[in-house]
Each structure stands twice: as C-alpha cells, then as structure tokens.
Amino acid sequence: MSPSLLFTNRRRSHISPPSTSTTRQLPLPSRIAVFNTMMWPESTVPRGVLVFGFMSLCCLLLYGASDSPRFLSFPSASLPYIFPSAVDTDSLPVSNEQKLEKVLKEAAMKDKTVILTTLNEAWAAPNSVIDLFLASFRLGEHTRKLLNHLVIIALDQKANARCIQVHDHCFALLTDGIDFSNEAYFMTPAYLKMMWRRIDFLRSVLEMGYNFVFTDADIMWFRDPFPRFYSDADFQIACDHFTGSSINIHNKPNGGFNYVRSNNRSIEFYKFWYSSRETYPGIHDQDVLNKIKNASFIEDLGLKMRFLDTAFFGGLCEPSKDLNLVCTMHANCCYGLESKLHDLRIMLQDWKRFLSLPPSLKRSSVVSWRVPQNCSLDSLRHYGSPQTSFEPGD
C-alpha cells in the first residue's frame with residue numbers, strides 16, 4: 001500500500017459517523033446522501049451507482065405516496081357541476097351534469113324536448129300524487145306515449161327510490177342541509193327554496209340544449225298538449241286566470257306548467273328571472289314573474305312570451321269547461337295535501353266517465369267537472385297571501 005493511500009485511510013478512520021439525532025434533523029435527500037457515504041466509500045463505489053440508487057429510492061417514495069388519498073387531486077374544477085352539493089363519491093366520480101345529460105338524452109324526443117316534473121317524499125308515497133299523475137297519462141288521449149319522454153326530478157332520497165320503482169327516467173337532485181321531503185306550505189322558507197331551486201335547475205336544462213315542458217305532478221294530463229302550443233313562442237305558460245288573449249300581459253301566469261324552447265333568449269330570461277329573487281326578496285317565483293313579465297329587459301331581449309288558454313290548460317282556479325278540449329287540469333288553488341288528493345281522484349273519475357260516454361253525449365254541454373269539492377275557489381281571494389297554506393305548484 002502506498003504511503004499516500006495509507007494516510008488517506010487513516011484520516012478517514014478518525015471521522016466519527018453522524019449521530020442518529022443529528023441525521024434525523026436533516027431532510028430526506030441529505031439523510032440518504034449521509035447513508036451512502038457511510039455504507040460505500042468513495043474509492044470503491046462509482047458515483048454513477050450512488051446517483052442511480054438515490055433516484056430509484058426517490059421514485060419508490062413518490063410511488064408509495066401516490067396511494068394516499070391526500071396525494072390525489074380530482075378535477076372538480078374542470079367538471080361543471082350543476083349542483084355541487086350532490087357530488088358522486090364512487091371510485092370513478094361522475095358529475096351531476098353528466099348524470100343529467102344521460103337521463104335527458106334517453107328521454108328526449110327527436111327535437112330534444114323533454115317533459116319534467118319534480119317530486120318529494122310527501123307526494124311520492126303510494127296512492128299519493130305521483131300515482132295519480134302517472135295514471136292520467138295512461139288514461140288520456142295520445143298521452144301514454146309521452147311517458148317515454150317524462151323525467152321525474154326527485155328532491156330527496158325516498159322520492160328517488162319511489163321514482164325508480166314506478167318510472168324509467170329519474171334524476172336525483174339533492175341539496176345538502178335542506179330537507180325537501182315534507183309537505184312544503186306556501187310562502188314558507190322551504191317552499192321558497194324549492195321554487196327557486198326549480199327555476200335554477202330549469203335554466204341549466206336550457207343551457208344543455210333541451211327544450212322542456214315543465215309540469216307540476218298535481219296536473220292531470222288528459223290530452224297531448226303539443227298541438228295546442230304556439231309555434232312561435234320561446235316561453236309559454238299556463239294561467240290561474242286567462243283574460244282571453246295569449247299576449248295580454250295582465251294574464252295571471254301559473255309556474256306549474258310551461259313550455260320553453262332552448263335558445264339564447266330563454267336562457268337569459270331564466271337567468272334574469274332567477275336573479276330577480278334578490279330584487280323582490282321573500283316572494284316566490286310566480287309572483288316575481290308577475291312583476292318582471294313586462295320588464296324592459298325582456299322586451300330588449302326579444303323573448304316571445306305567450307299565455308295558455310284555460311280552456312285547454314285549466315285548473316281549479318279556473319276550470320276547463322269543455323272536456324272535449326281540455327288537455328291538462330291543475331289542482332291549484334287548494335289547501336292541504338288531503339284536499340288535493342280528494343279532488344284529483346274525483347277529476348280522474350270524471351274523465352273516465354267522460355270517456356265511457358257515446359260520442360253524441362260527449363259533444364253535449366251537460367258534461368262537466370264535479371270539482372272543486374274539498375278544494376275551494378275561495379282561495380283565489382287569498383292568492384299570494386303569506387298566511388295561506390298551499391301545496392307546491394299552487
């Protein structure tokens with residue numbers, strides 16, 4: 001051994017290895033470097049091998065860390081959730097928008113038109129509103145086929161479970177911290193949230209390029225309404241009271257039934273309608289519509305609005321008088337769920353009785369509704385009163 005090499009080895013033998021406590025204070029790369037220096041003397045291990053070992057160890061550490069949920073980053077910002085409170089927690093996340101798009105696509109007509117209704121637990125119970133609603137489609141003239149295009153929007157878990165039992169096209173629209181399962185009385189905070197949630201949801205449907213007929217579930221469908229819609233309107237809506245003219249701004253619209261075509265005008269209109277809740281706080285969407293229907297913004301927008309004749313689209317507020325013409329009948333202007341159910345059942349019975357008549361009697365003017373019974377037209381006097389209790393869609 002040469003003197004120079006002996007001197008070098010002796011000098012190294014006097015160097016004490018770092019203490020454990022000192023090493024632990026170093027960052028991970030430094031600790032690895034110290035470890036390499038202790039284990040493989042510079043004279044016997046090539047520097048390239050040390051570098052390769054260090055890089056391999058780092059890769060292993062990063063691979064192990066990638067299994068941790070904290071390391072994963074889900075692209076929530078890139079998926080435009082319609083309502084982010086209802087995020088899917090499956091292993092492969094699917095946004096609400098993707099789920100809704102799938103349901104709408106399956107239910108849509110050739111021109112991308114769907115029929116939409118909302119449902120909560122109170123109306124979803126067996127022998128309740130939803131069963132009568134679906135029965136009317138099966139009993140109506142040329143309406144059974146329309147069930148293929150109906151999407152039920154469930155506002156709570158139990159409503160969604162019942163929807164899946166009775167219908168093919170269901171979409172769960174759930175909200176964290178808000179319970180829409182119970183009976184929602186007119187002008188209560190729950191009622192207002194439900195109504196405005198509906199307006200915002202319908203706006204999102206329009207933005208996805210779908211036309212829609214929105215119908216409350218307490219509306220009976222007796223005939224196909226599409227032949228009665230105006231071909232040139234962007235937005236057309238049923239009325240609690242119809243003046244006789246479809247363009248008269250003094251008609252009293254009812255938000256429980258409307259037909260809307262998807263275009264820039266209708267989308268901007270729904271945005272304006274929804275934002276107007278801040279201009280008129282504490283009142284529901286129907287009353288806000290009454291206040292904004294002649295706004296200059298709508299005129300400048302060029303929105304073509306039409307009001308539907310109660311002769312075809314009637315309700316307990318203003319019943320369709322001729323059963324030969326009626327398309328839909330709404331159990332509006334009604335107190336309480338039990339009263340509503342009672343009169344809806346009578347309504348269906350009247351329709352069955354009408355269908356059983358010979359053609360000569362059908363054309364006679366003596367055939368009429370036996371409703372309202374438990375529901376009362378006197379509620380018209382209380383229309384819009386905060387003290388009045390109504391069902392959703394009244």
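This is a short dialogue on how labels are earned in a predicted model.

Student: Why is Ala238 called buried?
Tutor: Buried means under 20% relative accessible area. Ala238 has a relative accessible area of 8%, so Ala238 is buried. Ala238 lies in strand β6, residues 235-241.

Student: Which residues does Ala238 touch?
Tutor: Leaving out residues up to four places away in sequence, Ala238 touches Lys252, Pro253, Asn254, Phe257, Leu308 and Phe313. Its C-alpha atom is also 6.1 Å from that of Asn258, 20 residues apart along the chain.

Student: What makes Cys163 and Cys170 a disulfide?
Tutor: The cut-off is a pair of cysteine sulfur atoms within 2.5 Å. For Cys163 and Cys170 the S to S value is 1.9 Å. The pair therefore meets the definition.

Student: Why is the disulfide of Cys163 and Cys170 called left-handed?
Tutor: The torsion about the S-S bond is about -95 degrees, so the disulfide is left-handed.

Student: How do you know that Cys334 and Cys375 form a disulfide?
Tutor: Their sulfur atoms are 1.9 Å apart. The limit is 2.5 Å, so the pair counts. The torsion is about -55 degrees, so this disulfide is left-handed. Cys334 sits in the loop between β10 and α13, and Cys375 in the segment after α14, 41 residues apart.

Student: Why do Cys334 and Cys375 count as buried?
Tutor: Set both against the cut-off of under 20%. Cys334 is at 0% relative accessibility, so it counts as buried. Cys375 is at 2%, so it counts as buried too.

Student: What is the handedness of the link between Cys317 and Cys333?
Tutor: The link is right-handed, with 90 degrees about the S-S bond. The sulfur atoms of Cys317 and Cys333 are 1.7 Å apart.

Student: How many disulfides does the whole structure hold, and in what pattern?
Tutor: A search of the whole structure finds 3. Counting bonded cysteines along the chain, the pattern is 1-2, 3-4, 5-6.

Student: What makes β5 and β9 edge strands?
Tutor: Each pairs on one side only. The open sheet has 3 strands in the order β5-β10-β9, with mixed pairing.

Student: How do you know that β9 and β10 pair?
Tutor: Pairing needs at least two bridges. β9 and β10 have 3 bridges, in the parallel sense, so they qualify. In β10, Thr328 is the bridge partner of Phe313.

Student: Which element gives the most to the largest nonpolar core?
Tutor: That is α13, with 8 residues. The core has 52 residues; Phe133, Trp221, Phe222, Phe257 and Met347 touch the most other members.

Definitions and conventions
Residues numbered from 1 in each chain as written. Predicted model: local features only at pLDDT ≥ 70, side-chain atom pairs only at ≥ 80, totals over all residues. Heavy atoms only, no water. Core = buried A, V, L, I, M, F, W, Y, C linked by side-chain atoms within 4.5 Å. Buried < 20%, exposed > 50% of the residue type's maximum accessible area, 1.4 Å probe, protein only. Helix = DSSP H or I, 4+ residues; strand = E, 2+ residues; numbered from the N terminus. Contact = heavy atoms within 4.5 Å.
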